[in-house]
Structure formats: structure tokens, C-alpha cells
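Welcome! Open your viewer, get your selection tool ready, and we will walk along some charged side chains together.

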Amino acid sequence: RFFIIKESFLLYYAESEKKSFESNKYFNIHPKGVIPLGGCIVEPKEEANMPYAIKISHEDFHGNIVLAAESEFEQAQWLEMLQESGKVTWKNAQLGEAMIESLEAQGLQLAKEKQEYLDKLMEETEELCLQREQKEELERLNQVLEAEKQQFEEVVRELRLEQEEIRRELELTARSLKGVEEEKKELRSLTESLQNTLEELSLEKQQMLEMLEENESQVPPPTSPSKEQSPIWGLHCSLRQIEEKMQQLLQEKLLAEKRMKENEKRSRALEEEQSGSSSQSQALQNSLLELTAEKQQAERDLKAEVKVRMDLERRLREAEEALQSLEQGLNSLDCNKEKEEKMKADVSHLRKFFEECIRNAELEAKMPVIMKNSVYIHKAA
């Protein structure tokens with residue numbers, strides 16, 4: 001048996017209780033038996049096969065109670081403590097049964113309170129699991145938003161490169177258009193020069209024809225001069241040269257007009273290309289602005305989500321610490337006023353935490369569907 005002296009009572013347990021007592025430093029409220037020491041006579045006794053024996057006797061006991069220590073030193077200590085405890089009057093013996101009943105009632109009450117706390121802990125643990133799932137969902141959404149942000153940045157980079165390419169093409173088109181305009185002016189001046197030259201040659205041709213007619217009408221044909229030496233032949237040759245030159249100038253004029261038409265076509269094509277490139281550049285600029293705005297909105301949403309997640313993690317850590325502290329307090333039967341106050345504070349903290357969770361859930365449940373969809377629209381995207 002393992003014995004404990006509590007006030008004027010000797011409590012005894014099974015021998016295995018010694019290890020629990022030494023490790024936990026508190027005594028079990030359910031002993032195997034209680035011996036009242038008030039008015040008892042405690043003295044050493046010599047007993048066969050039982051050295052260091054101690055006899056406890058009282059006139060109201062049916063027989064004597066014999067104990068034994070493990071050494072002479074322990075026997076002396078126990079004798080002193082038992083004799084001191086036995087100085088209490090016998091009236092305290094009547095309180096033994098009442099004390100046991102009180103201890104049992106306290107044990108039942110503690111067990112009931114412990115079960116209630118355990119039930120609350122189970123409910124709170126379920127709530128914490130739900131909060132942890134929400135935290136994991138937030139982390140997943142955070143990763144999705146990060147991926148979307150990277151995609152947005154990649155699209156923006158591609159659009160910027162495409163815009164730069166279109167800008168270079170526009171510069172090349174503008175330079176080509178400027179060259180075409182200059183060539184067009186040169187061809188126009190060349191055409192005007194050819195036209196003036198043709199008019200001068202036409203006038204000279206007309207004069208030559210008039211002179212030829214006058215010479216043919218006034219001068220009689222010679223009898224024997226050579227054909228090359230006659231003035232009429234010279235006029236004919238000049239006239240033929242003028243016609244050949246006119247034909248050549250007409251061909252050059254047609255060629256210049258053809259080149260002018262080609263240049264006009266090229267100019268119109270370049271203008272259309274410039275207009276298309278401008279509209280494409282404007283569309284790309286608008287898309288770039290929209291993507292930039294979406295990127296900024298996504299970053300703001302991401303920052304808000306991260307802030308909410310950090311606040312939720314902080315609250316979860318505080319709740320878990322309160323739960324651990326409360327569980328340690330429940331597992332420890334060595335209760336005092338300070339521990340009770342700390343447990344009450346932990347319970348109050350947990351109650352406040354879950355009341356806030358319930359209030360947020362009620363607000364979310366009462367939120368209109370349109371508003372809810374507007375709040376979570378980026379998640380659907």
C-alpha cells in the first residue's frame with residue numbers, strides 16, 4: 001500500500017499510485033480507504049517477518065492496524081507524523097466519510113466540467129478546422145492570383161513589344177510616304193516641263209509647216225539640183241526631227257504620268273497602311289491601358305487578400321494558443337485561483353473569436369447575391 005497523511009486522516013492506495021503521485025504531485029481523491037488518526041495511539045512494534053512495524057490502535061477500533069516502513073529512518077519519521085496527526089480529537093473522525101463524499105462530489109463536478117469543456121473544445125476544434133480550410137483556400141487563391149498577375153505582365157510585355165514594332169513600321173511608312181511625295185513633285189515638275197517643251201515644239205512645227213508651204217508655192221522646182229541641197233528637203237528633215245523629238249517627249253510624258261499614277265497608288269496604299277497601323281496602335285494602347293488597370297486591380301485585390309489572410313492567421317494562432325492553455329488547465333487537477341482566472345480569460349478570448357466568426361458569417365449570408373458576385377468576381381475569373 002501507498003500511504004498519504006492528509007490533516008488528521010491516513011489515506012491509503014494501491015502501490016502503483018506512488019509513481020503517479022511523484023510525477024503529478026497531487027493526490028487522488030478516490031483512496032481505497034481512510035483511517036482517522038484522532039485520539040489514536042501510535043507506537044513501534046516488533047513483528048515477525050515485518051521489521052520497522054508501526055501499530056495504530058484506538059478503543060473504538062475493532063482490532064489494531066499494523067503498518068511497516070522500509071527503513072528505521074522512515075519508521076521514525078512516520079511515527080512522528082502519525083503521532084502529531086493523532087493529537088487531533090476523535091470528533092474529526094466523524095468527518096472522514098463526509099470528506100470522502102465531498103471529495104467524490106468535487107470529483108464528479110470536475111469530471112462534468114471537464115466533459116463540458118471537452119465538448120466545447122471539440123466544437124471549437126471543428127470551427128478551427130473550418131477556418132484552416134478557409135486559410136488553405138485563401139492560399140490557393142493567392143497562388144492563382146500570382147499566376148494571373150504573371151500572365152498579365154507577360155501580355156503587357158508582348159503588347160509593348162508589338163506597339164514598339166508598329167511604331168517603327170509607322171516611322172518607315174511615314175518616311176516612304178515622304179519620299180513618294182517628293183518623287184511625285186519631281187514627276188509633276190517634269191511633266192510640266194515636258195508639256196511646255198511639247199507646246200514649243202508644236203509651235204515650231206507649225207512655223208516649219210507654214211514656211212514649207214510658202215517655199216513650195218513660191219520656189220519652182222529646180223531642174224537638176226540634188227535633193228539634199230534643196231531648202232525644202234532641209235525643212236522636211238527639220239520637221240521630221242521635230243516630230244521624232246515630239247514623239248520621244250510624248251513617250252517620256254506618258255512614262256512620267258504612268259509613274260505618277262503608280263506613285264499615287266503607292267501613296268494611297270501607304271496612307272491606308274498608316275491609318276491601319278494607327279488604329280491598330282490605338283487599339284493596342286487601349287488594350288494596354290485596360291490590362292494595366294486590371295493588373296493594378298488584381299494587385300489591390302491580392303494585397304487585400306493577403307492582409308485578410310495574415311489577420312486570420314494571427315487570430316487562428318491566438319485561438320490555438322488559448323485552446324492549448326485551456327486544455328493544459330483542464331488536464332491539470334492542481335487548480336488554484338490564478339489558473340482559474342487564466343482559464344476564464346482563455347474561454348472569454350475563444351468566445352469573442354467565435355462570436356466574431358459567427359457575426360462575419362451572418363453578414364456574408366445576408367449580403368445580396370449581386371454584391372457577393374461583385375466581391376468575388378475575380379475568383380470566378
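Start by selecting Arg-157, which is partly exposed at 44% relative accessibility (buried means under 20% relative accessible area, exposed over 50%, partly exposed in between, with a 1.4 Å probe and protein chains only). Before going on, a word on what you are viewing: this is a predicted model, where local features need pLDDT of at least 70, side-chain atom pairs count only at pLDDT 80 or more, and totals for chains, interfaces and linings use all residues. Residues are numbered from 1 along each chain as its sequence is written, and side-chain values use heavy atoms, leaving out hydrogens and water.

Now add Glu-154. Its side chain meets that of Arg-157 in a salt bridge, 2.4 Å from N to O (a side-chain nitrogen of Lys or Arg within 4 Å of a carboxyl oxygen of Asp or Glu). Both residues sit in helix 3, residues 95–218, three residues apart (helices are DSSP runs of H or I, at least four residues, numbered from the N terminus). Glu-154 is partly exposed too, at 35%.

Next, select Glu-164 and Arg-167. What joins their side chains? A salt bridge, at 2.1 Å from N to O. Being three residues apart in helix 3, they are separated by about one helical turn.

Then move to helix 4, residues 231–331, and pick Arg-314 and Glu-318, four residues apart. Their side chains form a salt bridge at 3.2 Å, N to O. Arg-314 is partly exposed at 36%, and Glu-318 is partly exposed at 30%.

For a last stop, select Glu-164, Glu-165, Arg-167, Arg-168 and Glu-171: salt bridges that share partners join them into one network. The structure holds 10 salt bridges.

Terms used
Helix = DSSP H or I, 4+ residues; strand = E, 2+ residues; numbered from the N terminus.
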